[in-house]
Amino acid sequence: MDLDDIAARLGVPVEEVDRVHRLAGDGPSAPLPAKADAPALLDRLAVPPDDAAEIMAGWPDPDSPLWTPELRWLLDRSIAVVRADLAGYDWLSPGPELPRDRGPAWRHLYVYAYLALVDVVRGYHSDHGVPDAVTWVTLADLGRNLAIDRRMRGEGWPIMQSWLTLHSRGSVYELGRLQHQRGDGAIGLHVPDSGPLTPEAVEASLDEARAFFPRHFPDERYTAFSCASWLLDPQLREYLPEDSNIVRFQRRFELEPYDESAGPDADIEVLRFGFRTLTTPLDELPRRTALQRAIVDHLRAGGHWHWRHGRFPI
């Protein structure tokens with residue numbers, strides 16, 4: 001197919017289509033699970049009922065009128081892009097951001113790619129002796145992110161579609177309270193939306209990781225835990241009590257010098273995480289928690305939040 005024509009029909013920049021074409025090449029894709037098995041799989045991946053219903057309604061059946069040739073091409077090649085980087089641990093975009101208001105096939109194309117890769121990454125986990133329980137709780141981050149995106153009215157998905165390729169390539173593992181990302185000499189820590197960030201829960205998760213990675217990835221050597229997040233911004237200490245979970249989490253890390261160009265816009269990320277909205281005016285945001293009050297008060301005073309990088313020895 002002509003790449004310019006595909007891009008025009010998808011309504012995306014041709015550079016994005018060309019990128020998928022170059023990264024995927026003629027590499028193998030992967031089949032979707034049988035449609036009859038999909039409801040049980042979606043349930044196991046913690047996909048909420050509303051999202052599961054939309055995913056099933058847009059299923060890429062061979063005779064579905066929802067699936068144009070260019071959509072089928074993008075789905076096939078996006079699966080191939082991710083599969084070609086199995087075991088990779090850098091962030092990866094599986095394809096262009098699509099106009100998601102055009103129906104379930106458009107809205108959930110990258111969800112179908114994720115579903116097609118479930119057996120691929122399960123095989124990778126099995127090869128490394130990863131327990132099924134860890135595999136499934138890790139892959140169930142799909143449902144969590146779909147629920148967040150629905151709450152955000154579609155504002156969250158552009159980042160989530162790239163984030164979830166880490167799960168599909170065997171990079172991220174959810175071990176207790178934290179998600180742990182394989183990396184270059186350091187295990188990257190991520191904080192999912194799954195309850196209080198208590199020191200006890202954090203330490204238990206770190207202990208799991210200390211045993212998990214030498215056991216399942218013995219050829220990889222890790223000397224530190226690392227994190228890149230607005231959660232490490234020392235400015236939070238001006239608003240939060242010293243015994244807050246966030247401040248106690250911060251104390252674990254030795255921060256790198258602040259680099260304004262490194263990382264995403266922290267002002268956006270605090271709104272995404274703290275309120276699950278990017279468009280609500282500051283004056284209309286809730287102030288139920290100390291963190292929410294800190295975020296709003298700092299921004300209303302003309303301040304900005306900072307994306308900080310830190311690490312500590314394993």
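Which residues are exposed on the other side of helix 4? Open the viewer and find out. Keep in mind that this is a predicted model.

**Stop 1: helix 4**

Select residues 49-57, which form helix 4. Colour Pro49 and Ala57: these are the exposed residues on the other side of the helix. Now colour Asp51, Ala52, Ile55 and Met56, which are buried. These four cover an arc of only 135° around the axis, so they lie on the same side of helix 4.

What covers those buried residues? Show helix 3 (38-44), helix 7 (109-127) and helix 9 (141-151), which are among the parts that do so.

**Stop 2: a charge over a ring**

Go to Trp106 and show its side chain together with Arg102. Arg102 lies over the face of Trp106, at 3.8 Å from the ring centre.

**Stop 3: the annotated domain**

Next, select residues 177-312. UniProt lists this stretch as "domain: GNAT-like C-terminal", in an unreviewed entry. Switch to a cartoon view. Over these residues the chain is 33% helix and 16% strand. Pick the C-alpha atoms at the two ends of the stretch: they are 18 Å apart.

**Stop 4: the aromatic rings**

Show the side chains of Phe, Tyr and Trp. How many aromatic pairs does a search of the whole structure find? The count is 16.

Start with Phe225 and Phe312. Their ring centres are 5.4 Å apart. The planes meet at 40°, between the 30 and 60 degree limits, so this pair counts as tilted. Phe225 belongs to strand 4 (residues 224-229), and Phe312 to strand 6 (residues 308-313). The pair therefore ties together parts that are 87 residues apart in sequence.

Are these two rings buried or exposed? Phe225 is buried, with a relative accessible area of 0%. Phe312 is at 9%, and because the limit for buried is under 20%, Phe312 counts as buried too.

Move on to Phe249 and Phe253. Here the ring centres are 5.1 Å apart. The planes are at 65°, so this pair is edge-to-face. Phe249 is buried at 2% relative accessibility, and Phe253 is buried at 9%.

**Stop 5: a ring cluster**

Finally, select Tyr124, Tyr173, Phe212, Phe213, Phe217 and Tyr222. Ring pairs link these residues into a cluster. Stay on Phe217 and add Arg182 to the view. The charged end of Arg182 sits over the ring of Phe217, 4.8 Å from its centre. Phe217 thus has two roles to look at here: a member of the ring cluster, and the ring beneath the charged end of Arg182.

Terms used. Residues numbered from 1 in each chain as written. Predicted model: local features only at pLDDT ≥ 70, side-chain atom pairs only at ≥ 80, totals over all residues. Heavy atoms only, no water. UniProt positions renumbered as here; feature names shortened; annotations may be inferred. Phe/Tyr/Trp six-rings, centres within 6.5 Å; stacked < 30°, edge-to-face > 60°. Buried < 20%, exposed > 50% of the residue type's maximum accessible area, 1.4 Å probe, protein only. Lys NZ or Arg CZ within 6 Å of the ring centre and 35° of its normal. Arc of directions from axis to C-beta. Contact = heavy atoms within 4.5 Å.
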